[in-house]
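Colleague: I have a structure open and would like to go through it with you. Can you put it up and take my questions one at a time?

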Amino acid sequence: SNAKLATGDNGNAGIRYVVPSGNLTVESGIELHVLAGKSFTPAGQVLTTSTGTAAGAAGDLHIPATATMTMGTNALSVGGDFVNDGTLSVSAGQTTTLTATGSGFGFDSNGTTFDGLAVTGASGIYTSNDNTTVNALLNVSTNATLSLGVATSMTLTGNTGTTLTLNGTLSGGGLLIYRNSATTFPTSGTMSTRVRFDTVNGDMTIPARTYGDDVIPYNASSSN
């Protein structure tokens, strides 16, 4: 937990993190790595410092195949590559934010279902390499890019309020699946990936905007 890490908290030059008020900040140039076979339940916020350079481990979060990280409702902010090969558990009301400020960063969710997911780094470009679900809100900020990798999908399951805030760019060869029949798809930002309007929750209006790739009306029995 963050409380146990606080007992070290920059105790010497080799301890490169701080834990003010129970929230963990990993310092510049350092990766947060959960050891294989171990579980990490921070019980507080976790932040790795943002970087603009994709090469190397700076700002990365790595959860190996046999490791578990349980965030609960606590915010998670990743300033480099997001590499989840194990299990990441989040609860309703939690938001995970990707803050890198350069190109070439990976977002490997390993099929995690997020409540909130945000890409906010100015000039940051993340490529999503796995199928991912977002239950509440996907937010791509101004000058940030989320690229959906070929043969991957990003499913927005929410059907109340705003489930996509798009001021930046959604791109790539993957598929965005939009299921919100209560709120019209945004007309802001830049769309250059395929989008499927899935009517599982009711009839939908497809707004006039530049999409940049296929627009797919879809229901459980047929698609056009």
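Colleague: Is arginine 16 buried, partly exposed or exposed?

Modeller: Arginine 16 is partly exposed, as its relative accessible area is 33%. On that scale, buried means under 20% relative accessible area, exposed means over 50%, and partly exposed is in between, with a 1.4 Å probe and protein chains only. Before we go on: this is a predicted model, in which local features need pLDDT of at least 70 and side-chain atom pairs count only at pLDDT 80 or more, while totals for chains, interfaces and linings use all residues. Residues are numbered from 1 along each chain as its sequence is written, and side-chain values use heavy atoms, with hydrogens and water left out.

Colleague: Ok. Which side chain does arginine 16 meet in a salt bridge?

Modeller: That of glutamate 27, at 3.3 Å from N to O. A salt bridge here is a side-chain nitrogen of Lys or Arg within 4 Å of a carboxyl oxygen of Asp or Glu. Arginine 16 lies in the loop between α1 (2–5) and β1 (17–18), and glutamate 27 in the loop between β2 (24–26) and β3 (32–33), so the pair ties together parts that are 11 residues apart in sequence. Glutamate 27 is partly exposed as well, with a relative accessible area of 24%.

Colleague: What do the labels α and β stand for?

Modeller: They are DSSP runs, numbered from the N terminus: helices are H or I with at least four residues, and strands are E with at least two.

Colleague: How many salt bridges are in the whole structure?

Modeller: The search finds 3. One of them joins the side chains of arginine 179 and aspartate 198, at 3.1 Å from N to O. Arginine 179 is in the loop between β20 (175–178) and β21 (190–191) and aspartate 198 is in strand β22 (residues 194–198), so this pair links distant parts of the chain, 19 residues apart.

Colleague: And what else does aspartate 198 form a salt bridge with?

Modeller: Arginine 196, where the closest N and O atoms are 3.8 Å apart. Through shared partners, the salt bridges join Arg179, Arg196 and Asp198 into one network.

Colleague: Which members of that network are buried, and which partly exposed?

Modeller: Aspartate 198 is buried at 4% relative accessible area, and arginine 196 is buried at 18%. Arginine 179 is partly exposed at 24%.

Colleague: Arginine 179 rings a bell. Which residues is leucine 156 in contact with?

Modeller: Arg179 is one of them; the others are Val134, Leu138, Thr163, Leu164, Leu176, Ile177 and Tyr178, leaving aside neighbours within four places in sequence. Contact means heavy atoms within 4.5 Å. Leucine 156 sits in strand β17 (residues 153–156) and is buried, with a relative accessible area of 0%.

Colleague: Thr163 is on that list. Where does threonine 163 lie?

Modeller: In the loop between β17 and β18 (164–166). Threonine 163 counts as buried, at 2% relative accessibility. Its side chain makes a polar contact with the side chain of asparagine 180, at 3.1 Å. A polar contact is a pair of N or O atoms within 3.5 Å; within protein, one must be able to donate a hydrogen and the other to accept it, and residues adjacent in sequence count only if both atoms are side-chain atoms.

Colleague: New topic, strands. Which residues point which way from β12?

Modeller: From strand β12 (residues 105–108), Phe105 and Phe107 point one way and Gly106 and Asp108 the other, and all are buried.

Colleague: How many bridges join β12 to β14?

Modeller: There are 3, and β12 and strand β14 (residues 125–128) run parallel. Two strands pair if DSSP finds at least two bridges between them. Glycine 106 has threonine 127 as its bridge partner in β14. Strand β9 (residues 82–84) is joined to β12 by 2 bridges, also in parallel, and there valine 83 has aspartate 108 as its partner.

Colleague: Is serine 128 in β14 buried or exposed?

Modeller: Serine 128 is buried, with a relative accessible area of 1%. It touches residues including Phe107, Leu146 and Met154.

Colleague: Last one. What is the strand order in the open sheet of 3 strands?

Modeller: The order is β4-β7-β10, with parallel pairing. β4 (39–40) and β10 (87–90) stand at the edges, each with a single partner strand, so one side of each has no neighbour in the sheet.
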